[in-house]
Amino acid sequence: MDDINLHYRFLNWRRRIREIREVRAVRVQERYKRILKDGDTLRFSCNSWQVAHKCLLGDEAMGIGHGPHYHGNSDEVGCYVAPRPLSKGNCYFEVTIVDTGVRGTIAVGLVPQFYKLDHQPGWLPHSVAYHADDGKLYNGNPVGQQFGPKCNRGDRIGCGIYADTLDAGLTTVFFTKNGKEVGSVVVPVAPDGLFPAIGMHSLGEEVRLDLQAEWGQEEDDSVMMVDSHEDEWGRLYDVRASGTLLEYVGKGKSIMDVGLAQARQPLTTRSHYFEVEIVDAGEKCYIALGLARRDYPKNRHPGWSRGSVAYHADDGKIFHGSGVGDPFGPRCFEGDIMGCGIMFPRDYIFDWEDELDEWEAQEVRPKQGRVQNFVYLNDEEDEDDGDDAEQDQEGRKVMVFFTRNGKIIGRREVVVPAGGFYPTIGMLSSGEKVKVDLHPLSG
């Protein structure tokens with residue numbers, strides 16, 4: 001009898017050990033729904049054609065309601081919850097927006113361990129999140145409060161806690177954008193802690209997650225040197241920026257794998273020219289330099305689509321709103337410097353130039369041995385401004401010129417799209433790297 005009792009006690013002991021291991025395994029297991037995970041990359045995924053139809057058409061087309069969020073309607077929300085909560089030793093994480101998709105409804109925040117995965121972070125009690133599409137803070141409520149700026153492709157959203165208040169049952173949660181604190185809020189701490197969470201809500205949304213990120217208000221000089229040029233870029237898609245160096249990081253397997261870098265500010269009469277040095281031609285030297293409208297498609301080489309013009313290094317052709325190029329100049333190789341600029345009419349006026357976002361326009365002065373400062377067309381220098389200065393300048397023609405190693409190789413008359421022409425660089429094959437100077441003519 002004693003042997004039987006001992007046997008049953010042994011079996012119970014083994015079962016208890018197994019249950020404890022299973023619980024511990026669950027506690028360190030990441031959870032996600034309608035999310036595709038590939039390493040540190042998270043992509044939104046619709047599970048059915050009905051959901052995909054809603055995600056693509058939006059809430060108004062499906063009769064759901066208005067606004068970017070559905071205030072609790074969650075049949076197409078994707079959510080990821082990290083395996084471990086933030087702690088004193090690991091109190092911060094970051095998410096880089098790779099693609100905003102259809103609507104950019106990406107949320108970054110903290111949730112309880114077993115948060116419902118069909119709700120955006122911040123919608124349910126004991127969760128808090130900063131939403132990229134409207135810049136609002138959602139704190140346990142499907143109705144958000146205005147909090148910070150909206151976030152777009154290339155922006156980094158960070159979330160962290162001040163660990164010194166963690167033991168008091170409350171903690172201060174703060175959010176950052178591109179390394180700068182946006183704001184903070186005091187929230188209660190769930191029994192199991194607060195887990196990093198990312199929510200997505202529309203087709204094409206993609207982020208890169210860094211659960212080991214570090215944040216501090218003081219950065220060392222080397223980091224500041226690398227990041228000092230990031231603000232110059234409004235869009236980076238499949239392109240990594242390190243100071244003035246741009247590197248193609250896309251797949252490079254089809255014409256849809258274009259890597260695109262677009263400057264944050266358009267060319268103006270004060271800053272009308274930029275240059276690119278080919279540091280590494282990569283496999284094919286599919287490098288293009290030109291100008292494009294602000295909302296230019298991310299997967300199209302500059303020059304291929306409407307509202308763009310570009311000089312392509314691999315074949316020396318110029319592409320002007322078409323996938324078919326025209327012979328224009330010599331091919332460019334590693335070490336060559338390609339340039340692009342605009343010769344503006346002397347009476348050209350920018351209605352939007354004074355509204356450039358915290359941009360201090362620079363006076364251009366030509367450097368010795370470099371491209372001359374052809375900021376104005378010669379045949380318009382002596383014309384009287386007259387009534388033309390008061391007309392709408394959007395849609396006016398300007399002369400775009402391209403250079404190779406400091407010499408002008410050709411010009412093309414183009415129409416300026418609404419909002420202006422933005423310096424744009426495209427790359428399409430593995431290993432391509434370029435060094436960019438957006439203000440080569442400044443003193």
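Y311 sits in strand β21, which spans residues 308–312. In this predicted model, is Y311 buried or exposed? Its relative accessible area is 0%, and because the cut-off for buried is under 20%, Y311 counts as buried. The side chain of Y311 also has a polar partner: it reaches the backbone oxygen of P330 at 2.4 Å. P330 lies 19 residues away from Y311 along the chain, and the C-alpha atoms of the two are separated by 10.0 Å.

**Strand β11 and its partners**

Let's move on to β11, residues 170–177. Seven of its eight residues are buried, so the strand is largely enclosed by the rest of the structure. Strand β11 pairs with β10 (residues 156–161) in the antiparallel sense, and β12 (residues 180–188) also runs antiparallel to β11. A hairpin links β11 and β12 with two residues between the strands, and there N178 takes a positive phi near 55°.

The table sets out these two pairings along with one from the open sheet described after it.

| Strand pair | Bridges | One facing pair of residues |
|---|---|---|
| β10 and β11 | five bridges | C159 and F175 |
| β11 and β12 | eight bridges | L170 and P188 |
| β17 and β28 | three bridges | L246 and V434 |

**A seven-stranded open sheet**

How many strands form the open sheet? There are seven, in the order β16-β17-β28-β19-β24-β25-β26, with antiparallel pairing. Strands β16 (239–242) and β26 (407–415) stand at the edges; each has a single partner strand, so one side of each is left without a neighbour in the sheet. On average, neighbouring strands of this sheet are turned by 25° against each other, direction ignored. Within the sheet, β17 covers residues 245–248 and β28 covers residues 432–437.

**The second largest pocket**

Edge strand β16 turns up again here, as one of the elements giving two or more residues to the lining of the second largest pocket. The others are β3 (41–44), β5 (92–100), β14 (205–210), α3 (221–227) and β15 (233–237). The pocket holds about 1,200 Å³ of space.

Which residues lie nearest the centre of this pocket? They are T96, V98, R208, D238 and V239, out of a lining of 40 residues. By residue class, the lining divides into 20 charged, 12 nonpolar and eight polar residues.

Technical notes
Residues are numbered from 1 along each chain as its sequence is written. This is a predicted model: local features need pLDDT of at least 70, side-chain atom pairs count only at pLDDT 80 or more; totals for chains, interfaces and linings use all residues. Side-chain values use heavy atoms; hydrogens and water are left out. Two strands pair if DSSP finds at least two bridges between them. Helices (H or I, at least four residues) and strands (E, at least two) are DSSP runs, numbered from the N terminus. Axes are lines fitted to C-alpha atoms, for helices over the stretch in contact, and angles run from 0 to 180 degrees between N-to-C directions. Buried means under 20% relative accessible area, exposed over 50%, partly exposed in between (1.4 Å probe, protein chains only). A polar contact is a pair of N or O atoms within 3.5 Å; within protein, one must be able to donate a hydrogen and the other to accept it, and residues adjacent in sequence count only if both atoms are side-chain atoms. On a 1 Å grid over the protein atoms alone, a cavity is a set of points where a 1.4 Å probe fits but cannot get out, and a pocket is an open set with protein on both sides within 12 Å along at least five of seven lines; lining residues have an atom within 4 Å of a point. Grid points are joined across faces, edges and corners, and a volume is the space filled by probe spheres set on the points. Ala, Val, Leu, Ile, Met, Phe, Trp, Tyr, Cys and Pro count as nonpolar, Asp, Glu, Lys and Arg as charged, and the others, Gly among them, as polar.
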